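Trainee: I should like to look closely at a single part of this structure and then see how that part relates to what surrounds it. Would you please take me through it step by step?

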Amino acid sequence: MTTDLDLVFAREPLPAPASRGPSVFLAGPSPRAANPVPSWRPAAIAALAERWTRAEPLTVLNPESRDGSRPAHYDDQVDWEIRAREAATAILFWIPRDVKTLPGFTTNVEFGLDVTTGKAVLGCPPDCPNPERNRYLIHVARRHGVPVRDTLGDTVAAALSLITAAK
């Protein structure tokens, strides 16, 4: 088992198309300064590292900043995320919905844009503060054949299965 991951954080250069290998974008709500809560992404990265077994590195595209800084211009963040999701082999949506701290309103739009790409996986924990707010996304995912999981580990496994199938 290897833990060979290349981490690319928000607004950092994306791998060039010619050298792009397998990659996963970590989509879902991000902690905000106004309501600080721990990010779920370190656990996702650890699960990816634990389960990635191919010889080539897996690029993990993380929309959070490496140093926690906010972008100088909002459009820079949005444009980076759009390019990164387009470039990704798989898009892992993890939505531990909490309307007070991790509302995921932007995530809803991103999922709507990506649901028909064949690259999306949806994870919605049933024990999050507001699981009822994920019902619509789960319904839409199932209508479009998007894998739906209820643990982060299973969502990571489904994303890696998409990557393996894409080879």
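Mentor: The account below starts from one helix and then moves outwards to its surroundings.

This is a predicted model, in which local features need pLDDT of at least 70 and side-chain atom pairs count only at pLDDT 80 or more, while totals for chains, interfaces and linings use all residues. Residues are numbered from 1 along each chain as its sequence is written, and side-chain values use heavy atoms, with hydrogens and water left out.

The part chosen is helix 2, residues 74-87. Helices (H or I, at least four residues) and strands (E, at least two) are DSSP runs, numbered from the N terminus. Helix 2 has 14 residues, which at 1.5 Å a residue should span 20 Å, and its end C-alpha atoms are indeed 20 Å apart. The expected span is 1.5 Å times one less than the number of residues.

Six names describe the inward part of this helix: Q77, W80, E81, A84, R85 and A87 are its buried residues. Buried means under 20% relative accessible area, exposed over 50%, and partly exposed in between (1.4 Å probe, protein chains only). Because these buried residues cover an arc of only 160 degrees around the axis, they lie on the same side of helix 2. The arc is that of the directions from the helix axis to the C-beta atoms. On the other side of helix 2, D75 and E86 are exposed.

The buried residues of helix 2 pack against strand 1 (5-9), strand 2, strand 3 (58-62), strand 4 (90-94) and helix 3 (105-114). Contact here means heavy atoms within 4.5 Å.

Helix 3 can be read in a similar manner. Its buried residues are T107, E110, F111 and D114. These cover an arc of only 100 degrees around the axis, which places them on the same side of helix 3. F105, V109 and L113, on the other side of helix 3, are exposed. The cover over the buried residues of helix 3 includes helix 2, strand 4, strand 5 (120-123) and helix 4 (135-143).

Strand 4 is thus a partner of helix 2 and of helix 3. One of the residues in strand 4 is L92, which counts as buried because its relative accessibility is 0%. Apart from neighbours within four places in sequence, L92 is in contact with V24, F25, L26, A27, W40, V121, T155, V156 and A159. L92 and G123 are 31 residues apart in sequence, yet 7.6 Å apart in space, C-alpha to C-alpha.

Helix 2 also borders empty space. Strand 2, helix 2 and helix 3 each supply at least two residues to the lining of the largest pocket. On a 1 Å grid over the protein atoms alone, a pocket is an open set of points with protein on both sides within 12 Å along at least five of seven lines, a cavity is a set of points where a 1.4 Å probe fits but cannot get out, and lining residues have an atom within 4 Å of a point. The largest pocket holds about 730 Å³ of space. Of its 33 lining residues, S30, R32, R70, Q77 and E81 are the closest to its centre. Q77 and E81 have already appeared among the buried residues of helix 2. Volumes are the space filled by probe spheres set on the points, with grid points joined across faces, edges and corners.

By class, the pocket lining has 16 nonpolar, nine polar and eight charged residues. Ala, Val, Leu, Ile, Met, Phe, Trp, Tyr, Cys and Pro count as nonpolar, Asp, Glu, Lys and Arg as charged, and the others, Gly among them, as polar.

A87, another buried residue of helix 2, belongs to the lining of the largest cavity, together with L14, P15, R20, S23, T59 and L61. That cavity has a volume of about 30 Å³, and a search of the whole structure finds one cavity of 30 Å³ or more. Its lining has four nonpolar, two polar and one charged residues.

Lastly, S65 lies in the loop between strand 3 and helix 2. S65 is buried, since its relative accessible area is 15%. Not counting residues up to four places away in sequence, S65 touches F9, A10 and R11. R11 lies in the loop between strand 1 and strand 2, and its phi is near 70 degrees, a positive value in a residue other than glycine. Most residues other than glycine have a negative phi.
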